[in-house]
Structures are given as C-alpha cells and as structure tokens.
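Please open the structure in your viewer and keep the sequence panel visible. The tour begins with the whole chain and then turns to a single element.

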Amino acid sequence: MTYNEIKNILLSISDPVEKLEMVMDFGRNLAPVPDGAICNEIVGCASRVEICQLGNLFYGRADSALVRGIVAILIAMTHGKSIDEIKQMDILSEFSSLDINLGAGRLNGLESMVRFFHNL
C-alpha cells in the first residue's frame, strides 16, 4: 500500500478509535525484514522498535501493534525516496497531518523514529 493510499484512508476516518485500529491494521501488513538487512534499534520508544535497511529499502518491526502501524506508515512515506530526499522531508509534519491521536509516549517514539530517518 502506498503512502497516499494510507493517507487517504486515515483522512476519511473521523473517529479517533477507528483511526487507531486502522493504524494497527497497517502494522499487520508490514513486510518481514529480509536476511541481510542492517537493523537499528530506535532508542526513545516505549516499545522495542527496529528500522532496517537493505539497499534503498526500509523495513521495520516493533513489539506493539500500534507502533508496528506507525512504522508501516513511516516506511510507506519514505518508500522510493533517496536518502537525500528523506533527509529533506518534514516527516513529523506530514505524520501530524494524519491526525492520529497518539499519547505522549508514542509521540516521543515517533520523534525518535523521525530522527533516525533524518540522521541516515
């Protein structure tokens, strides 16, 4: 699923609980991390999160359904972009435009994941 498809789905949902359920659904479809990918644990997340890279493709895993969904959204957002393009993206602002009601702990984790992408 492309980021634009994800965005359109999320923006069509007004109920905050339904929106969170949809984010968790996105996480269920997160592609498995292939052998040979280089994985980095994301420090600052309440859950255990890894973002992995194989060539110009990113993968991820997390031990929380909601965080897996957040990772899936970020990976879709950066898919097909070069490292330079990713570094120039305002990922946090774009993610905020999705209007997902995350608690303070999840927001801290999101900011840590965004920092990872900006520090590639």
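**The whole chain**

Begin by displaying the protein chain as a cartoon: this predicted model contains six helices and three strands. Following the sequence from its start, one meets the order α-α-β-β-β-α-α-α-α. The radius of gyration is 13 Å, close to the 14 Å that the globule rule gives for 120 residues, so the protein chain is as compact as a globular protein of that length.

Next, show the C-alpha trace alone and turn it along its principal axes, where it spans about 40 × 25 × 25 Å. Of the contacts with a separation of 6 or more, 57% join residues 24 or more positions apart.

**Surface and charges**

Switch now to a surface view. The protein chain exposes about 6500 Å², and carbon and sulfur atoms supply 48% of that area. Buried residues, meaning those under 20% relative accessible area, make up 40% of the 120 residues. If the charged side chains are then coloured, 10 positive and 15 negative charges can be located, with mean positions 4 Å apart.

**Helix α3**

Select residues 65-78, which form helix α3. At 1.5 Å a residue, its 14 residues should span 20 Å, and the end C-alpha atoms are indeed 20 Å apart. Is this helix enclosed or open to its surroundings? Twelve of the 14 residues of α3 are buried, so the helix is largely enclosed by the rest of the structure. Among them are L66, V67, I70, I73 and M77.

Finally, move just past α3 to G80, which takes a positive phi of about 80°.

Key
Residues are numbered from 1 along each chain as its sequence is written. This is a predicted model: local features need pLDDT of at least 70, side-chain atom pairs count only at pLDDT 80 or more; totals for chains, interfaces and linings use all residues. Side-chain values use heavy atoms; hydrogens and water are left out. Helices (H or I, at least four residues) and strands (E, at least two) are DSSP runs, numbered from the N terminus. The radius of gyration is taken over C-alpha atoms; the globule rule is 2.2 Å times the number of residues to the power 0.38. Buried means under 20% relative accessible area, exposed over 50%, partly exposed in between (1.4 Å probe, protein chains only). Contact means heavy atoms within 4.5 Å. Accessible areas come from the Shrake-Rupley method with a 1.4 Å probe; for residues, only the protein chains shown count as cover. Lys and Arg count as positive and Asp and Glu as negative; His and the chain ends are not counted. The place of a charge is taken as NZ of Lys, CZ of Arg, CG of Asp or CD of Glu. The expected span of a helix is 1.5 Å times one less than its number of residues.
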